[in-house]
Every structure is written in C-alpha cells, then in structure tokens.
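Hi,

Here is the structure I promised to pass on. My notes follow below it, so have it open while you read.

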Amino acid sequence: KTSYVEGFHATKDANLVRQHARRYYLQVGVYAAAVREQLGLTPDVYVHYVQYGQTVHVPAAEWQDALLKLEHTIGELFDLD
C-alpha cells in the first residue's frame, strides 16, 4: 500500500500501521478467498506499506470475519421479510 499513516513518521509506532491495515482486511480477504477457491488452499495474507517498510500479517480468521460481516450486511440490505 502507498497509503499515508498519520503519525508514523514522527513516532515510528508499528501499532499505527497495524491499526491502519485493518481497513484493508476486506479487500485482501476477497483476494485470499479467490485464491482459496481456485487453488484449494488458504494463503498467508499480508499488507505491505511501501513508504514505511512495514508489513502487517493478516490472520485468516480476521479476513474471513471481514467477509462474513460483508455477507451479513448484504443480507440485511436485501432482506425482504
């Protein structure tokens, strides 16, 4: 990612990058789910911040949870009952 993480340059606090990466769990989850569907294996998932040289591991449970939340939200939107 080339995203800006506010406060990182001043503090070098890796927690800021980890927290920022959460916004991409759904995006990388979609990619990981596609890999799992096509290849039958669950990939290791990471978000890498180019300008900070920081890499955040995204556990499978986290990106899978993001996908489940999306499915739930879509289900609520289209619930016709």
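To start with something easy to check: does Lys69 count as buried or exposed? Exposed, because its relative accessibility is 53% (the scheme is under 20% relative accessible area for buried, over 50% for exposed and partly exposed in between, with a 1.4 Å probe and protein chains only). Lys69 lies in helix α4, and its C-alpha is 25 Å from that of Tyr49, 20 residues away in sequence.

Before you go further, note that this is a predicted model, in which local features need pLDDT of at least 70 and side-chain atom pairs count only at pLDDT 80 or more, while totals for chains, interfaces and linings use all residues. Residues are numbered from 1 along each chain as its sequence is written, and side-chain values use heavy atoms, with hydrogens and water left out.

Helices and strands are DSSP runs numbered from the N terminus (H or I, at least four residues, for helices; E, at least two, for strands).

On to the helix pair. Helix α3 (residues 25-39) packs against helix α4 (residues 60-77) at about 100 degrees, and their axes are 8 Å apart. The axes are lines fitted to C-alpha atoms over the stretch in contact, with angles from 0 to 180 degrees between N-to-C directions. The two helices are therefore roughly perpendicular, a label that covers 65 to 115 degrees (under 35 is roughly parallel, over 145 roughly antiparallel, the rest oblique). On the α3 side the contact (heavy atoms within 4.5 Å) includes Tyr25, Leu26 and Arg36, and on the α4 side Glu62, Trp63 and Leu70 are among the residues involved. By type, the contact residues are nine nonpolar, two polar and two charged (nonpolar is Ala, Val, Leu, Ile, Met, Phe, Trp, Tyr, Cys and Pro; charged is Asp, Glu, Lys and Arg; the others, Gly among them, are polar).

Now the strands. β1 (residues 45-49) and β2 (residues 54-58) pair antiparallel over five bridges; DSSP has to find at least two for a pair. Val47 is bridged to Val56, and Tyr49 to Gln54. Four residues separate the strands in this hairpin, and Gly53 in the turn has a positive phi of about 65 degrees. Along β1, Val45, Val47 and Tyr49 point to one face and are buried, whereas Tyr46 and His48 point to the other and are not.

Those three buried side chains turn up again in the largest nonpolar core, where Val45, Val47 and Tyr49 are among the residues with the most contacts; the core has 17 residues. Such a core is a set of buried Ala, Val, Leu, Ile, Met, Phe, Trp, Tyr and Cys residues joined through side-chain atoms within 4.5 Å. α2 (14-21), α3, β1, β2 and α4 each put in at least two residues.

Leaving out residues up to four places away in sequence, Val58 touches Tyr25, Val28, Val45, Tyr46, Val47 and Trp63. Ala21, in helix α2, counts as buried because its relative accessibility is 0%.

One last oddity: Lys12 has a positive phi near 55 degrees without being a glycine. Lys12 sits in the loop between α1 (8-11) and α2.

Cheers
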